[in-house]
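The following exercises concern a single protein chain and are to be worked through with the model at hand. Each task is followed by a solution in steps.

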Amino acid sequence: GTNNTANTWFEQGYDLANPLNGIPLHGSTFTALDNANFTFTMAPSYTAPNGILIGPAVTTGTFTLVTPTNYVTLSVLGMGGNGGDAMIATVHHLDGSTETANIATGDWFGTPNPGIAWIANGRCNSTVNLTTETDGTSGDGLGNPRIYHREFNLSNTTSPVTSIVFNYTGSSTGNSDLMALSGAKIGR
């Protein structure tokens, strides 16, 4: 993105002294720490657009499914900055119907929240030259920063989901970074 002047994620392997710290490798699939029913596949590249940032400056974003599928539950992978924020997720179905759910993200650093999907154990300062400097990563030893999963059940389980539109409803300076989507099908 642009205007990166604060702390940010780094990928596993970047911190040579702690190679397991960081977010999962691009393209990898992992299971949520606190719920083995949810798996998430990370973006195929971290150098291309790979997520949705929702907040006071960018108030809407859409996940579009490549293959529309029937789901009973959807799970969003993400976290908040500056305290996190609240959103309305509008789920669009192939039959033209929609349904909504209120979701919120917890702050990625220091906020105890349920639904912990991943603990990165470090973040880095975006102003550090990431190609020539190895300094600049930090974690607090308490399992920060964190990525969370947030679930919502669907009432329309007979028509495939085509897209989910997220709209900012927060009233603070918080924002949410949405990284992936997972879904539970009928019978799973």
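## Exercise 1: A pocket and its lining

In this predicted model, the second largest pocket holds about 560 Å³ of space.

Task. Determine which residues lie nearest the centre of the second largest pocket and which elements give two or more residues to its lining.

Solution.
1. The lining of the second largest pocket comprises 26 residues.
2. Of these, Thr41, Leu65, Ala180, Leu181 and Ser182 lie nearest the centre.
3. Strand 3, strand 5 and strand 14 (175-184) are the elements that each give two or more residues to this lining.

## Exercise 2: An open sheet

Task. Establish the strand order of the open sheet formed by 4 strands, and identify its edge strands.

Solution.
1. The strands follow the order 5-13-7-8, and their pairing is antiparallel.
2. Strand 5 (60-69) and strand 8 (98-104) are the edge strands, as each pairs on one side only.
3. From one strand to the next, the twist averages 20 degrees.
4. Within the sheet, strand 7 (residues 86-93) and strand 13 (residues 161-168) run antiparallel and are joined by 7 bridges.
5. A specific pairing can be located here: His92 has Ser163 in strand 13 as its bridge partner.

## Exercise 3: An aromatic cluster

Task. Classify the ring pairs that Phe30 forms with Phe40 and with Trp118, and state what parts of the chain they tie together.

Solution.
1. The count of aromatic pairs comes to 5.
2. For Phe30 and Phe40, the ring centres are 6.0 Å apart and the planes meet at 35 degrees; the pair is therefore tilted.
3. Because Phe30 belongs to strand 2 (residues 29-31) and Phe40 to strand 3 (residues 39-41), this pair ties together parts that are 10 residues apart in sequence.
4. Buried means under 20% relative accessible area. Phe30, at 7%, is therefore buried, and Phe40, at 1%, is buried as well.
5. The pair of Phe30 and Trp118 is edge-to-face, with 5.0 Å from centre to centre and 65 degrees between the planes.
6. Since Phe30 lies in strand 2 and Trp118 in strand 9 (residues 116-119), this second pair ties together parts that are 88 residues apart in sequence.
7. Trp118 is buried, as is Phe30.
8. Through these ring pairs, Phe30, Phe40 and Trp118 are linked into a cluster.

## Exercise 4: A charge over a ring

Task. Find the ring over which the charged end of Arg123 sits.

Solution. The ring is that of Phe109, and the charged end of Arg123 lies 3.7 Å from the ring centre.

Terms used: Residues are numbered from 1 along each chain as its sequence is written. This is a predicted model: local features need pLDDT of at least 70, side-chain atom pairs count only at pLDDT 80 or more; totals for chains, interfaces and linings use all residues. Side-chain values use heavy atoms; hydrogens and water are left out. Two strands pair if DSSP finds at least two bridges between them. Axes are lines fitted to C-alpha atoms, for helices over the stretch in contact, and angles run from 0 to 180 degrees between N-to-C directions. Rings of Phe, Tyr and Trp (its six-membered ring) pair if their centres lie within 6.5 Å; planes under 30 degrees apart count as stacked, over 60 as edge-to-face and the rest as tilted. Buried means under 20% relative accessible area, exposed over 50%, partly exposed in between (1.4 Å probe, protein chains only). A charge sits over a ring if NZ of Lys or CZ of Arg is within 6 Å of the ring centre and within 35 degrees of the ring normal. On a 1 Å grid over the protein atoms alone, a cavity is a set of points where a 1.4 Å probe fits but cannot get out, and a pocket is an open set with protein on both sides within 12 Å along at least five of seven lines; lining residues have an atom within 4 Å of a point. Grid points are joined across faces, edges and corners, and a volume is the space filled by probe spheres set on the points.
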